[in-house]
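Please open the structure in a viewer and keep the selection panel at hand. The tour below proceeds by selection, with a short account of what is found at each stop.

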Amino acid sequence: MTAPFEPGRGYQLNPDVALRPEPFGALAYHFGTRRLSFLKAPDLVELVRGLSAHRSVSDALATMPDGRRDAYLRALAALAAADMIVPQPSRSEMP
Amino acid sequence: MTTNCEPAPSERVPALVEQFKGGLAAPICLTWEWTYACNLSCVHCLSSSGRRDPAELTTAEMRSVIDELRAMQVFYVNVGGGEPTVRPDFWELLDYAVTSQVGVKFSTNGLRLDAERAQRLAATDYVDVQVSLDGASREVNDAVRGHGSYDMALRAMENLAEAGFRDFKISVVMTRHNVPQLDEFAAIADRFGAQLRITRLRPSGRGADAWHELHPTDQQQREIYSWLVDRGDRVLTGDSFFHLNALGATPLPGLNLCGAGRVVCLIDPVGDVYACPFAIHDAFRAGTVRSPGGFAEVWRSAPLFADLRTDTSGGACRSCSAFSSCQGGCMAAKFFTGLPLDGPDPECVKGHGASALPGLDRGGLPRPAKDHSHGGQAVPLGMPSVRVPAKLCDSSPLADTA
């Protein structure tokens, strides 16, 4: 259903997804698929919210502490598989 | 489609259970009953519904609660009753919720689901429909839900299927008489392109009386467990069978947790907020949406909810080898059968609950806080239009279902 996750590309929160702050991080709700996901750490929430500001997922991950990058990469891959985050429109698609 | 109560397997993260115990910023599984009025008189009705309550929330109050839910980012509500579709403003409120980004799954006995409604529903995004059916045959169903209710539900399902409404839910409360029909229920769901949902019979509402005769036997509990393990994720359960997890090494999908006051709660038709849909009793009443702080204040600050969000002692169950599997079971089931809340569930698979149940004299058991049952003799089921209301509020105040 969704394209393979490519950390070399830029991603962003799917516009169909809302994040609800929770004590553990956030609850993500996809209005299209009606699915819930749980973002289990506050800095993962910040990472997801800030994805669109980076040209690639790898760039975004570089802002995170060394020891946690692999875990966050896996979390982002899962979020991409659930269509919670999507590739940024390519430059040529931008207005 | 997946409802918030029933996250897909990839989203079930065990560690979250611990997080959930402390409560969430807002419920993820909110049941909201829109009226106590119902055309049926099911013997196990968990809300003792029948007659409308004159104090039910007005249209304006309902809209104001929807506004609150939107602000709290409650993305989905389970609407029930009574029969919610008998509210005259049902469709208006449904549209208002959906356009407020508060999705609705509503439970219905099928009363208002004619072909035209079914088509409109199929064309409406963000609405899901759950048709109640408690027997895969007319005999088994109508013995619990009343004469004519099987045909009414099947007609509604046909209309939904013909309208192209995919994956609507068929909701079955498991009883001693319908456990042998599990495969037949699955076949009915397949026939209509629907999804089967089975849930546990609770001794709540009128079910407090019916439970002792209707709840599945020990052997049937094992059948339900095995059947669910085999079926995997194709069948929804609302996580209601977690007390069966002690039966085997394979945990049933879902949160192994009593969500009352933590991720779940109930708003009843008069705006009272209870810890869960199966606990309509003053002991579990947290407040009312009519108080100045509204629903949000109740959810965040009710002392009852704060209490439910602390870890339970586990009491007598703590020393049991199965405690980590079943977590002591269902609070409401214990309460209405007279068992201590920190003790075993009445359907404890180790048999600890059954042996502790009071004997035949059940006179001292807690009674539901509200009883809106149709008065007099058992009411023949059917279309409300053929019944003459004894009082003004016996007529249905609200109107249709999805």
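Two residues are taken to be in contact if their C-beta atoms, placed from the backbone, lie within 7 Å. The model under inspection is predicted. Select chain B as a whole to begin. Among its contacts between residues at least 6 apart in sequence, 73% join residues at least 24 apart. The secondary structure of this chain comprises 14 helices and 9 strands, and buried residues account for 53% of its 402 residues.

**The sheet of chain B**

Next, select the strands of chain B. An open sheet is built from 9 strands, in the order 6-5-4-3-2-1-7-8-9, with mixed pairing. Its edges are strand 6 (195-200) and strand 9 (285-288) of chain B, each of which pairs on one side only. On average, neighbouring strands of the sheet are turned by 25° against each other, direction being ignored.

Now add helix 6 (residues 149-162) of chain B to the selection. This helix packs on the sheet, where it touches strand 4 (127-132) and strand 5 (169-174) of chain B. The direction of helix 6 makes about 150° with that of strand 4 of chain B.

Within the sheet, isolate strand 2 (residues 76-80) and strand 3 (residues 103-108) of chain B. These two run parallel and are joined by 4 bridges. To locate the register, label B:Tyr76, which stands opposite B:Gly103 in strand 3 of chain B.

Then move to B:Val127, a residue of strand 4 of chain B. Is B:Val127 buried or exposed? The criterion for a buried residue is 20 or more other C-beta atoms within 10 Å of its own. B:Val127 has 22 C-beta neighbours inside 10 Å and therefore counts as buried. A distance drawn from the C-alpha atom of B:Val127 to that of B:His243, 116 residues apart along the chain, comes to 30 Å.

**A pair of helices in chain B**

Select helix 2 (residues 59-71) and helix 3 (residues 90-99) of chain B. Their axes come within 10 Å and cross at roughly 20°. Because angles under 35 degrees count as roughly parallel, helix 2 of chain B is roughly parallel to helix 3 of chain B. The crossing of these two helices is right-handed.

Which residues of helix 2 of chain B meet helix 3 of chain B? Display the side chains of B:Thr59, B:Met62, B:Arg63 and B:Ile66 on helix 2, which meet B:Leu93, B:Tyr96 and B:Ala97 on helix 3. By class, this contact has 5 nonpolar, 1 polar and 1 charged residues.

**The strands of chain A**

Finally, turn to chain A and select strand 3 (residues 25-30). Strand 3 of chain A is mostly covered, with 5 of its 6 residues buried.

Extend the selection to strand 2 (residues 17-22) of chain A, which pairs with strand 3 of chain A in the antiparallel sense over 6 bridges. A:Val17 stands opposite A:His30 in strand 3 of chain A. Strands 2 and 3 of chain A form a hairpin with 2 residues between them.

Add strand 4 (residues 35-39) of chain A, which runs antiparallel to strand 3 of chain A and is joined to it by 5 bridges. Here, A:Ala28 stands opposite A:Ser37 in strand 4 of chain A. Strands 3 and 4 of chain A also form a hairpin, with 4 residues between the strands. End the tour at A:Arg34, which takes a positive phi near 60° in this hairpin.

Methods
Residues numbered from 1 in each chain as written. Chains lettered and ligands numbered in written order. Predicted model: local features only at pLDDT ≥ 70, side-chain atom pairs only at ≥ 80, totals over all residues. Pairing = 2+ DSSP bridges. Axes fitted to C-alpha atoms, helices over the stretch in contact; angles between N-to-C directions. Parallel < 35°, antiparallel > 145°, perpendicular 65-115°, else oblique. Left-handed = near helix turned anticlockwise from the far one by under 90°. Nonpolar A, V, L, I, M, F, W, Y, C, P; charged D, E, K, R; others polar. Buried ≥ 20, exposed ≤ 12 C-beta atoms within 10 Å, placed from the backbone.
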